[in-house]
Amino acid sequence: MVFEGNILKMRSKLSSPVEYKLPIGEHLLDLNALIGKKVKLEFNGQINCIASGEKIKKSYNNGYSYKSFISLPECDICIVRPELCHYDKGTCRDSKWGEKHCMQDHIVYLANSSNAKIGITRHTQVPTRWIDQGAIEALPILRVPNRHISGLIESEIKNSIGDKTNWRKMLKGEVEEVDLYDLRDQLFEEYGDLLDEFDAQDLDEEITYIDFPLDSPPEKIKSLSFDKTPLIEGNLKGIKGQYLIFDIGVLNIRKHQGYFIKISY
């Protein structure tokens, strides 16, 4: 079978294991069905901006043209650092976009993908956000009315537990053991005054456990890139986060959004 077209980040559905599909052109390719098979991916050199569709020589911020990168609200600095949200100042790049994506309830959560971390996401992105990060477990702890407040809370709590994932350890399955319930209770006690100040809603929810379609994690990590290797061919061993894991290395699909790829198997 052969499929070709511009690709976007993998879509996922929480199941046991997670179900993955790859948007490629007008198709949604079932990736779970390819695990264990030899797969060939060929990049023909064409990249299209995932916002405008225009042909570009280099992508920014995982798939955008430079023009889009410096003008679209989804590429603004406050997406990476939500505590810097400037919607209330009237300087949002697109106020309607901000209302739809940022001025909505957000969840503050704990997740464990390589180590315990604090994170935030729009309430409609649960559990997609956790799957994309390769978390094996996640626990919502707070609900707040907008992205800015969630960012302010995250920026304080990360001083205690951090907000980063070690992607290499995540792929290798080297995950620290942690009790997310105990950690939540500790943070509530330590940051109680801060949470009261922002009128954050405490959540009493269960841990979501995530099982990825990957039987044996790679012992060594070799990062693959279409920019350096236009032809990638190998046995697909599994999928975790936004990574395809081959016997020859790992490929970050999200990083290559907008690339025109031919896939055959």
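Student: What share of the residues of the chain count as buried?

Tutor: In this predicted model, 48% of the 265 residues count as buried. The label applies to a residue under 20% relative accessible area.

Student: Why is L195 called buried?

Tutor: L195 has a relative accessible area of 5%. The cut-off is under 20%, so L195 is buried. L195 is found in helix α8, residues 192–197. Leaving aside neighbours within four places in sequence, L195 is in contact with L142, I153, F188 and A200.

Student: How do you know that Q242 counts as buried, given that Q242 lies in a loop?

Tutor: The loop between β13 and β14 is where Q242 lies, but the label rests on the area. Relative accessibility is 4% for Q242, and buried means under 20%, so Q242 counts as buried. Beyond four places in sequence, Q242 is in contact with K9, M10, D132, L251, N252, I253 and R254.

Student: Why is N159 called exposed?

Tutor: The relative accessible area of N159 is 59%. Exposed means over 50%, so N159 is exposed. N159 has its place in helix α5, residues 147–161. From N159 to I118 the C-alpha distance is 9.8 Å, with their positions 41 residues apart in sequence.

Student: What makes R143 partly exposed?

Tutor: R143 has 27% relative accessible area. That value is neither under 20% nor over 50%, so R143 is partly exposed. Strand β9, residues 137–144, holds R143. Apart from neighbours within four places in sequence, R143 is in contact with D105, H106, I107, H123, A200, Q201 and L203. K55 is 88 residues away from R143 in sequence and 40 Å away in space, C-alpha to C-alpha.

Student: What makes the radius of gyration of the chain agree with that of a compact globule?

Tutor: With 265 residues, a compact globule would have a radius of gyration near 18 Å. The chain has 19 Å, so the two agree. Along the principal axes, the C-alpha atoms fill a box of roughly 55 × 45 × 25 Å.

Student: How many helices and strands are there in the chain?

Tutor: The chain has eight helices and 16 strands. Of the contacts with a separation of 6 or more, 66% are accounted for by residues 24 or more positions apart.

Student: Which residues have the most contacts inside the largest nonpolar core?

Tutor: They are L31, L41, L244 and L251, in a core of 40 residues. Elements giving two or more residues to this core include β3 (19–24), β7 (106–112), α4 (128–132) and β16 (259–264). β5 gives the most, with four residues. Apart from this core lies another, of 23 residues, among them V108, A116, I118 and I149.

Student: With which residues is L244 in contact, leaving aside its neighbours within four places in sequence?

Tutor: L244 is in contact with M10, L31, L236, G238, I239, G249, V250, L251 and I253.

Student: Why are such cores to be expected?

Tutor: In soluble globular proteins, nonpolar side chains tend to be buried together.

Student: How do you know that the peptide bond joining S16 and P17 is cis?

Tutor: Its omega is about 5 degrees. P17 is placed in the loop between β2 (11–13) and β3. The bond from V126 to P127 is also cis, with omega near 5 degrees. P127 has its place in the loop between β8 (116–122) and α4.

Student: What is the phi of N62, and what is the phi of D199?

Tutor: N62 has a positive phi of about 65 degrees although it is not a glycine. Phi of D199 is near 55 degrees, again a positive value in a residue other than glycine. Most residues other than glycine have a negative phi, and most peptide bonds are trans.

Student: Which exposure class does each of N62 and D199 belong to?

Tutor: N62, in the loop between β6 (55–56) and α1 (66–69), has 32% relative accessibility and therefore counts as partly exposed. D199, in the loop between α8 and β10 (201–202), has a relative accessible area of 65%. Exposed means over 50%, so D199 is exposed.

Definitions and conventions. Residues are numbered from 1 along each chain as its sequence is written. This is a predicted model: local features need pLDDT of at least 70, side-chain atom pairs count only at pLDDT 80 or more; totals for chains, interfaces and linings use all residues. Side-chain values use heavy atoms; hydrogens and water are left out. The radius of gyration is taken over C-alpha atoms; the globule rule is 2.2 Å times the number of residues to the power 0.38. Buried means under 20% relative accessible area, exposed over 50%, partly exposed in between (1.4 Å probe, protein chains only). Contact means heavy atoms within 4.5 Å. A nonpolar core is a set of buried Ala, Val, Leu, Ile, Met, Phe, Trp, Tyr and Cys residues joined through side-chain atoms within 4.5 Å.
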